Amino acid sequence: MTAGRARGSGGRFPASLATPVLLAFAVFIVAPCIMLLVKGLEPTAETGEWPDFTNVLGVFDSKVGQQALNRTIRISLIVTVICLLAGYPVALFIARCGPRWRGLLLAVVIFPFLISAVVRAFGWTVLLGDSGLANKGLIALGLIDRPITLVQNEIGIIVGETHLLMPYMILSLLAVLQRIDPNLKHAAESLGASPVSVFWRIVIPLTLPGLLTGTLLVFSLAMTAFATPFLLGGGRTPILTTLLYDYAFTLFDWRLAASIGIVLLILGILFVTVHRFVSSRGMRSYG
Amino acid sequence: MSDVEVSGVSKRYDDLWAVKRVSFTAPAGSFTSLLGPSGCGKTTTLRLIAGFAALDEGEVRIGGKPVDDLPPWRRNLGVVFQNYALFPFMTVFDNVAFGLRRRKVSRSETASRVAEAIDLVGLPDLAQRYPRQLSGGQQQRVALARALVVRPDVLLLDEPLSNLDAKLRAEMRFELKRIQRETGVTSIFVTHDQEEALTLSDQIVVMNLGTVAGAAPPKAIWEQPESAYVADFLGVENLFPGTVGDGAADDGTVAVSVDDGAAVLHVAADRPPDGTPDRAVVLGIRSEEIAVRRSDGADNASDGPNALDGTVREFTYIGSAVVYQVDCPGLPAPLIATAQEEFPVGARVRLHLPPGAIKLLRPDAPAEGPEDRQ
Ligand SMILES: Nc1ncnc2c1ncn2[C@@H]1O[C@H](COP(=O)(O)OP(=O)(O)OP(=O)(O)O)[C@@H](O)[C@H]1O
Ligand SMILES: [Mg+2]
């Protein structure tokens with residue numbers, strides 16, 4: 001969605017200014033990818049030929065790998081949807097606030113960035129534990145009789161990641177919400193659109209760019225998150241990143257670890273491709 | 001068609017009255033202009049009529065019915081914004097059809113009415129384009145079509161021509177006039193351009209610091225502005241405070257002393273304007289009504305009254321004429337006069353101010369100062 005705009009202004013932008021960063025990107029992104037591919041596709045037997053796809057395909061064969069893959073996709077999707085549904089109203093509210101409140105609320109929104117993953121995870125462990133605030137609250141409300149497990153499982157991961165990634169969604173949405181010309185809403189109103197109609201027909205389409213950026217960010221960050229799922233998921237709910245860690249640092253099987261890395265890479269490329277396709281169709285009219 | 005009555009409307013923002021006790025009536029089918037300098041409350045007045053902002057005092061009636069309890073989407077108005085406010089993600093067709101779809105007009109009727117509206121505003125076949133693919137003038141026409149297609153009771157236009165270049169602006173002025181005549185829609189038009197207001201309107205409402213300074217048809221407001229402020233805004237270049245003397249002379253003029261009697265001008269009026277305290281008035285004359293010729297130095301009595309000798313201080317050539325600044329003894333500021341003839345800086349000239357061309361104007365009440373807006 002930003003590609004078109006970047007291309008438009010590229011002509012006046014001196015390429016030399018971008019070279020250092022682009023070079024660094026090449027070295028620090030392309031090189032590890034090549035190393036990853038080399039390692040992951042290394043033949044298992046001495047006689048085998050390069051590339052050998054057995055390890056990568058093996059990720060999908062083994063039960064634990066298959067589960068981790070499914071779990072990773074499932075959790076990432078759930079987190080993205082929650083961030084979208086819960087973040088949109090928050091962004092709308094902040095956009096509508098006066099400048100003083102807006103600053104304060106923004107500070108609250110980006111607060112998760114200011115605490116380390118370990119502290120954040122510890123906080124959630126306390127809150128979501130069997131005798132934590134969450135369970136006590138649910139019991140007090142009469143929704144459950146006995147504490148339920150909210151942490152060291154998928155729920156814990158989802159809660160932790162949602163908390164961590166919500167700011168990305170809110171900030172992406174806020175960026176476009178604040179740029180909406182209020183006259184567009186007035187124009188729609190004067191033409192007979194009720195506030196509900198203005199929201200669905202004017203505000204949502206106008207925030208589509210931010211919505212797409214937000215989902216792209218949240219989904220890819222959810223898929224590649226490590227510390228939060230590692231600390232809140234416990235040992236029994238491996239996702240691709242924690243499985244990769246296990247292979248690399250407990251089994252010291254670098255080939256298997258690299259294979260998972262390749263799977264993650266493929267997933268990422270796949271998602272970005274689908275996302276770009278959807279954006280380019282949805283955003284045709286945005287220029 | 002409906003008339004619009006704005007009575008005693010006020011709107012306060014934080015620490016100032018954006019609009020204070022504004023009243024005027026736009027008769028059904030008429031074209032009314034709100035004219036005034038930047039920040040005088042024109043847009044705010046329009047927003048109050050449209051219902052985009054809640055008024056603090058007063059009442060707006062459309063077609064005789066108070067609309068203060070009606071939200072904007074129930075007022076059946078058409079609004080054209082200064083920046084057009086076209087929906088960027090919709091085609092021209094969808095932009096124009098927006099209001100009809102909200103009114104649940106059938107698909108076939110929508111298509112024909114959109115085509116009709118696009119035709120009315122003189123837009124070529126661009127229905128499938130997006131707003132960003134249109135020129136400013138075309139966007140302007142789409143905005144007009146979008147507002148008119150719903151057959152609004154009232155059309156509100158906020159400086160719709162100010163984003164266009166001079167040539168296009170002149171062209172769109174005629175277009176607006178034609179469209180308004182063809183549709184007969186009651187129109188309220190905001191502008192800070194006196195020429196636009198004069199050429200388009202049936203009535204001009206001049207605003208100053210959130211209040212109405214005068215309201216009259218263009219001809220009346222041009223020939224006899226209500227007050228010095230209105231005259232100033234309508235391009236009366238020469239304005240001097242003066243005091244009306246006793247009694248009328250035999251020739252039907254009154255003597256008005258300028259600057260405590262340093263100069264005396266004769267004005268063809270039988271009495272000072274209403275509401276002038278202590279006979280304090282403002283004299284006004286347009287530059288083109290002052291005759292300029294070379295001074296021969298002699299005191300020629302046959303020049304009649306109001307012949308003043310002066311020195312050219314500066315001149316500018318404007319194509320159709322030359323505009324002079326002339327220093328005249330006895331006047332507090334140089335006179336602005338236009339002539340065909342060319343005189344160099346420093347030339348001695350004789351100016352003649354015809355008694356019939358001088359207007360006696362009501363000075364502006366000091367209560368209308370900015371501090372009153374707080
Ligand atoms: N939303 C607002 N909040 C605070 N002050 C406002 C707001 N809208 C307008 N004002 C103030 O009210 C006054 C009148 O504004 P308004 O926009 O009506 O002027 P205008 O006559 O349309 O001027 P312009 O020709 O520049 O468009 C201005 O002093 C402006 O600063
Ligand atoms: Mg304005």
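Reader: Before anything else, what counts as a contact here?
Author: Two residues are in contact if their C-beta atoms, placed from the backbone, lie within 7 Å. The model is a predicted one.

Reader: Fine. What does B:L283 touch, leaving out residues up to four places away in sequence?
Author: B:L283 touches B:F240, B:G242, B:V256, B:V258, B:L265, B:V267, B:I358 and B:L360.

Reader: Which residues have the most contacts inside the largest nonpolar core?
Author: B:A145, B:L156 and B:L283. That core has 157 residues.

Reader: And which element gives the largest share of this core?
Author: Helix α9 of chain A, residues 154-177, with 12 residues.

Reader: Any general background on that sort of grouping?
Author: In soluble globular proteins, nonpolar side chains tend to be buried together.

Reader: Back to the B:L283 neighbourhood. How are β12 and β13 of chain B joined?
Author: By five bridges, with β12 (residues 254-258) and β13 (residues 263-267) running antiparallel. B:A255 stands opposite B:H266 of β13(B). The two strands form a hairpin with four residues between them. In the turn, B:D259 has a positive phi of about 55°.

Reader: Switching to chain A. How many helices and strands are there in chain A?
Author: Chain A has 14 helices and zero strands. Its C-alpha trace spans about 75 × 65 × 30 Å along the principal axes.

Reader: What share of chain A is buried?
Author: 31% of its 287 residues. Of the contacts in chain A between residues at least 6 apart in sequence, 71% join residues at least 24 apart.

Reader: Same items for chain B, please.
Author: Chain B has eight helices and 20 strands. Its C-alpha atoms fill a box of roughly 80 × 45 × 35 Å, again along principal axes. There are 374 residues in chain B, and 43% of them count as buried. For contacts in chain B with a separation of 6 or more, residues 24 or more positions apart account for 67%.

Reader: How many residues of each chain are in contact with the other?
Author: 20 residues of chain B are in contact with 18 residues of chain A.

Reader: Which elements give two or more residues to the chain B side?
Author: β6 (77-80) and α2 (92-102) of chain B. By class, the residues on that side are 14 nonpolar, three polar and three charged.

Reader: What do the buried residues of α10 in chain A pack against?
Author: They pack against α11 (195-224) of chain A, together with α1 (42-50), β6 and α2 of chain B. Helix α10 covers residues 182-190, and its buried residues are A:K185, A:H186, A:A187, A:A188, A:E189 and A:S190.

Reader: What follows α10(A)?
Author: A:G192 follows α10(A) and has a positive phi, near 105°.

Reader: You mentioned α1 of chain B. What does α1(B) give to the shell around ligand 1?
Author: Three residues, the largest share of that shell. Ligand 1 is surrounded by B:Y13, B:D14, B:A18, B:G36, B:S38, B:G39, B:C40, B:G41, B:K42, B:T43, B:T44 and B:H192.

Reader: How does the shell around ligand 1 split by class?
Author: Into three nonpolar, seven polar and two charged residues.

Reader: What is the strand order in the open sheet of four strands?
Author: β2-β1-β4-β5 of chain B, with antiparallel pairing. The edge strands are β2 (16-26) and β5 (65-66), and each pairs on one side only.

Reader: How many bridges join β1 to β4 there?
Author: Five bridges join β1 (residues 4-13) to β4 (residues 57-62) in chain B. B:E5 has B:R61 of β4(B) as a bridge partner.

Reader: Two single residues to finish. Is B:Y317 buried or exposed?
Author: B:Y317 is exposed, because 9 other C-beta atoms lie within 10 Å and the exposed class takes 12 or fewer. B:Y317 is in strand β16 (residues 307-317) of chain B. Its C-alpha atom is 10.0 Å from that of B:A339, with their positions 22 residues apart along the chain.

Reader: And B:A333, buried or exposed?
Author: B:A333 counts as exposed, with 12 C-beta neighbours inside 10 Å. B:A333 is in the loop between β17 (322-327) and β18 (335-339) of chain B.

Reader: How far apart are B:A333 and B:T110?
Author: They are 61 Å apart in space, C-alpha to C-alpha, and 223 residues apart in sequence.

How values were computed: Residues are numbered from 1 along each chain as its sequence is written. Chains are lettered from A and ligands numbered from 1 in the order in which they are written. This is a predicted model: local features need pLDDT of at least 70, side-chain atom pairs count only at pLDDT 80 or more; totals for chains, interfaces and linings use all residues. A nonpolar core is a set of buried Ala, Val, Leu, Ile, Met, Phe, Trp, Tyr and Cys residues joined through C-beta atoms within 7 Å. A residue is buried if 20 or more other C-beta atoms lie within 10 Å of its own, exposed if 12 or fewer, and partly exposed in between; C-beta atoms are placed from the backbone. Ala, Val, Leu, Ile, Met, Phe, Trp, Tyr, Cys and Pro count as nonpolar, Asp, Glu, Lys and Arg as charged, and the others, Gly among them, as polar. Two strands pair if DSSP finds at least two bridges between them. A residue is near a molecule or strand if its C-beta atom, placed from the backbone, lies within 6 Å of it.
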